[in-house]
Amino acid sequence: MPSAVPLRPLSAWIVVGLVASVVILIVIGADSYRSAIATAENARWVAHTHEVVSHLWNLSTDIVTVESRRRAHALTGDEEQVERAHASGASARENLQRLRRLTADNARQQQRLDRLDGLVAARVADVDEIRTVIREMLDEEATLLAQRDADTAASLRRTKQVIALGGVSAGALVAATSFLFYRESHHRQRAETELRRREALYRSIFSQFPNGAVLLFDRDLRYRLAEGRGLAEVGLSKAGLEGRTIWEALPAETCAAIEPAYRDALAGQATSFEVPFGGRHYAVHVSPLVAGGEAMGMVVTLDISERKRAEDEVRRLNAELYQRIVEATSANQELEAFSYSVSHDLRAPIRHINGFVDMLQRRAAGALDETAQRHLQTIARASRHMGQLIDDLLAFSRMGRGELARGRVSLGSLTRDAIENLRPELDGRSVEWKVDDLPDVTGDPAMLRIVLSNLLSNAVKYTRPQPRAVIQVGQAAGPPDEIVLFVKDNGVGFEMKYADKLFGVFQRLHRSDQFEGTGIGLATVRRIVHRHGGRTWADATVDGGATFYVALPARAEEEEA
Amino acid sequence: MTDLKRILLAEDNEHDVELTLSALSEYRLANEVVVTRDGAEALDYLYRRGAFRLREEGNPVVVLLDLKMPKVDGLEVLRQIKQDGALRQIPVVMLTSSREENDLVESYRLGVNAYVVKPVEFSRFVQAVRELGVFWAVINEAPPGSVRKGP
């Protein structure tokens with residue numbers, strides 16, 4: 001399986017944003033807490049100040065009362081006034097005691113209390129002085145109270161600011177972080193969708209794998225993955241393979257066949273082989289594969305049954321063809337043997353007939369009448385003709401066999417040679433030769449020599465009735481891939497309706513008492529030309545001469561006649 | 001008359017023997033012809049063994065060999081003659097019905113001195129044999145060891 005699209009880690013900015021928000025909230029909380037503590041402390045101090053003030057007022061009242069009782073005693077001598085003065089004096093001392101405790105943390109108030117102690121203890125109290133000190137102490141407390149109120153207000157103001165600023169920035173951070181998170185998760189979702197889509201794609205490639213299967217196995221030879229349409233065709237299934245070892249999933253002989261290749265793949269060596277399975281033929285490719293850091297093996301199988309069948313068919317056809325070739329070769333060899341036999345055994349009796357007739361003629365010439373001598377001549381002529389037929393047939397047969405030699409052949413020099421060889425037949429004849437410039441061709445020189453020799457010898461033969469024969473050899477116009485040679489004579493010609501018969505074996509258009517011949521010459525010409533990949537045709541009118549055409553490929557290719 | 005020289009003719013067909021002798025006789029060479037009827041006899045003659053062990057010494061001036069003979073064919077006789085140091089100088093002429101190219105090629109490969117296809121027409125056959133006889137038996141100077149008969 002291909003590795004998934006890499007998931008991006010949560011963006012660092014999201015983390016930073018979240019941490020910053022939390023820090024801000026902690027700061028806000030801490031500040032609010034501190035502010036609450038400060039407020040509570042302040043309230044306590046306010047109460048404390050009020051207590052101090054209240055005691056100061058009481059003290060002031062007590063001292064005024066003591067003084068006024070004393071004055072009343074002094075004026076009236078009323079003892080009751082003295083007692084009341086004592087009572088107020090005790091209350092004043094008690095208040096002083098409390099004030100001393102309450103203002104223990106304030107050195108200035110303690111000093112003032114010391115002064116009050118002294119003033120109160122004096123026999124004649126200086127009430128104004130006492131009042132002045134008390135007022136100083138009251139002022140001091142009022143100042144302290146104002147100070148504390150101011151502090152508290154400042155602290156509250158700051159806390160409000162912290163909360164407002166912190167709240168706004170925390171809100172902004174949370175909003176930004178949320179946006180980032182949304183974007184991140186959106187991206188993730190898209191990536192996961194893509195991942196799922198691609199996984200589905202890969203899975204469908206494997207499960208739809210045509211004509212075969214794809215398998216993955218681990219080092220225990222346990223199938224990790226098995227997919228492909230070919231599984232069902234041989235009665236296997238994904239469920240029957242995945243998670244099972246080869247020995248659990250497959251027949252023993254198949255395991256024996258595939259195990260070495262599987263082991264090789266695990267050792268890093270790929271193998272390809274063919275194996276029959278479930279009545280079909282499979283090409284199996286086993287190769288090493290590293291998946292998820294684990295060395296595994298991958299098997300790809302392809303159903304090659306059709307190809308195998310086709311190959312078998314080709315093999316069968318080849319064998320058949322080979323058999324035919326063997327038969328044809330043997331037939332050809334038989335033909336060779338037959339030709340040899342004809343050549344040797346058939347010619348010998350003909351030769352004997354001819355030889356002994358000749359000896360008979362010499363020996364008994366005087367004893368035989370004219371008719372008997374004519375009969376002997378007929379026998380001699382017939383045996384000669386038979387010999388000629390055999391020789392021509394053998395030559396014709398040889399033209400169809402054997403390899404064609406390849407070479408540059410000068411049609412001009414072949415023509416000159418052929419004319420030279422015809423000299424003996426030209427005795428007493430008047431023949432005008434018109435030989436044009438002739439091209440070179442590619443072909444078998446010996447065979448093409450026979451072509452020209454046969455065509456020219458025909459021309460000489462069939463112009464015999466002409467007092468003045470004209471034979472022309474030239475090159476005719478033709479398609480660019482052909483070289484067309486013609487041999488034209490002013491001889492007896494022939495009827496065009498027989499033109500095609502001319503090139504057949506033993507086909508003759510004239511009686512042998514008019515023109516001797518075996519009817520093989522033009523058949524040999526056609527066979528040779530066909531073997532060179534060319535063609536032959538003729539054009540003639542009765543008593544108007546004949547023209548024979550030979551077209552040879554400009555680049556000769558061998559063709560079977 | 002010039003020295004007459006012995007000709008060895010190996011030919012299995014009696015008609016061919018008669019025709020050949022007839023042709024040679026026209027030039028008075030017939031009496032110098034030894035006829036063997038197969039390749040084995042021809043070799044016996046050349047090696048003076050079997051029926052020929054008592055024959056006089058000396059090699060023929062020319063051997064006329066038919067190609068196709070019983071027992072040992074003409075090509076085999078040719079091969080043995082040309083492989084034998086004592087015989088290889090004897091001129092050998094293949095005188096045969098066969099026009100087969102294979103035979104022609106094989107004969108020359110084995111060292112034949114001439115290869116003649118017997119013509120069907122007797123007059124031409126006579127001419128061919130005459131020319132052979134005259135050339136090899138009369139004109140050609142035979143190698144040492146050939147039989148010469150005085151006049």
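Here are some worked exercises on a predicted model with chains A and B.

**Exercise 1. The five-stranded sheet of chain A**

Task: Work out the strand order of the open sheet of five strands in chain A, and say which strands stand at the edges.

Solution.
- Step 1. Begin with the pairs made by β1(A), residues 212–217. Its antiparallel pairing with β2(A) has four bridges, and its antiparallel pairing with β5(A) has six.
- Step 2. Check some residues. L215(A) has A226(A) of β2(A) as its bridge partner, and L216(A) stands opposite L225(A) of the same strand, β2(A). Towards β5(A), A213(A) stands opposite T301(A).
- Step 3. Put the strands in sequence across the sheet: the order is β2-β1-β5-β4-β3, with antiparallel pairing.
- Step 4. Read off the edges. β2 (223–227) and β3 (271–277) of chain A each have a single partner strand, so one side of each lacks a neighbour in the sheet.
- Step 5. Add the twist, which averages 20 degrees from one strand to the next.

As a reminder, strands of a sheet pair through backbone hydrogen bonds, either parallel or antiparallel.

**Exercise 2. A helix across the sheet**

Task: Find which strands helix α8 of chain A lies across, and give its angle to β3(A).

Solution.
- Step 1. Locate the helix: α8(A) spans residues 252–266.
- Step 2. List the strands it lies across: β1, β3, β4 (280–291) and β5 (294–303) of chain A.
- Step 3. Take the direction. α8(A) runs at about 160 degrees to β3(A).

**Exercise 3. Positive phi without glycine**

Task: For N211(A) and D543(A), give the phi angle, the setting in the chain and the degree of exposure.

Solution.
- Step 1. Recall the background: most residues other than glycine have a negative phi.
- Step 2. Take N211(A). Its phi is positive, about 65 degrees, although it is not a glycine. N211(A) sits in the loop between α4 (127–207) and β1 of chain A. There are 15 C-beta neighbours inside 10 Å, so N211(A) counts as partly exposed.
- Step 3. Take D543(A). Here phi is positive at about 60 degrees, again in a residue that is not a glycine. D543(A) belongs to the loop between β11 (535–540) and β12 (546–553) of chain A. With 12 other C-beta atoms within 10 Å, D543(A) is exposed; the cut-off for exposed is 12 or fewer.
- Step 4. Go back to the sheet for one further case. The hairpin of β1(A) and β2(A) has five residues between the strands, and L221(A) in this hairpin takes a positive phi near 60 degrees.

**Exercise 4. Two crossing helices**

Task: Describe how α11(A) and α12(A) cross and which residues meet.

Solution.
- Step 1. Find the helices: α11 covers residues 411–421 and α12 covers residues 445–462 of chain A.
- Step 2. Note the geometry. The axes come within 9 Å and cross at roughly 50 degrees. α11(A) and α12(A) are therefore oblique to each other, and their crossing is right-handed.
- Step 3. List the contacts. From α11(A) come L414(A), T415(A), D417(A), A418(A), I419(A) and N421(A); they meet L448(A), R449(A), L452(A), S453(A) and L456(A) of α12(A).
- Step 4. Sort by class: six nonpolar, three polar and two charged residues make up this contact of α11(A) with α12(A).

**Exercise 5. Chain B, inside and out**

Task: Summarise the fold elements of chain B, place β3(B) among its partners, and describe the side that touches chain A.

Solution.
- Step 1. Count the elements: chain B has five helices and five strands, running β-α-β-α-β-α-β-α-β-α from the N terminus.
- Step 2. Look at packing. Of the 151 residues of chain B, 39% count as buried.
- Step 3. Pair β3(B), residues 62–65. Four bridges join it in parallel to β1(B), residues 7–10, and three bridges, also parallel, link it to β4(B), residues 92–96. L65(B) stands opposite A10(B) and has M94(B) as its bridge partner in β4(B).
- Step 4. Follow the side chains. V62(B) and L64(B) point one way, V63(B) and L65(B) the other, and all are buried.
- Step 5. Turn to the interface, where 16 residues of chain B contact 16 residues of chain A. α1 (14–25) and α5 (122–139) of chain B are the elements giving two or more residues to this side of chain B, and α1(B) gives the most, with four. By class, this side of chain B has four nonpolar, six polar and six charged residues.

Methods: Residues are numbered from 1 along each chain as its sequence is written. Chains are lettered from A and ligands numbered from 1 in the order in which they are written. This is a predicted model: local features need pLDDT of at least 70, side-chain atom pairs count only at pLDDT 80 or more; totals for chains, interfaces and linings use all residues. Axes are lines fitted to C-alpha atoms, for helices over the stretch in contact, and angles run from 0 to 180 degrees between N-to-C directions. Angles under 35 degrees count as roughly parallel, over 145 as roughly antiparallel, 65 to 115 as roughly perpendicular and the rest as oblique. A crossing is left-handed if the near helix is turned anticlockwise from the far one by less than a right angle, and right-handed if clockwise. Two residues are in contact if their C-beta atoms, placed from the backbone, lie within 7 Å. Ala, Val, Leu, Ile, Met, Phe, Trp, Tyr, Cys and Pro count as nonpolar, Asp, Glu, Lys and Arg as charged, and the others, Gly among them, as polar. Two strands pair if DSSP finds at least two bridges between them. A residue is buried if 20 or more other C-beta atoms lie within 10 Å of its own, exposed if 12 or fewer, and partly exposed in between; C-beta atoms are placed from the backbone.
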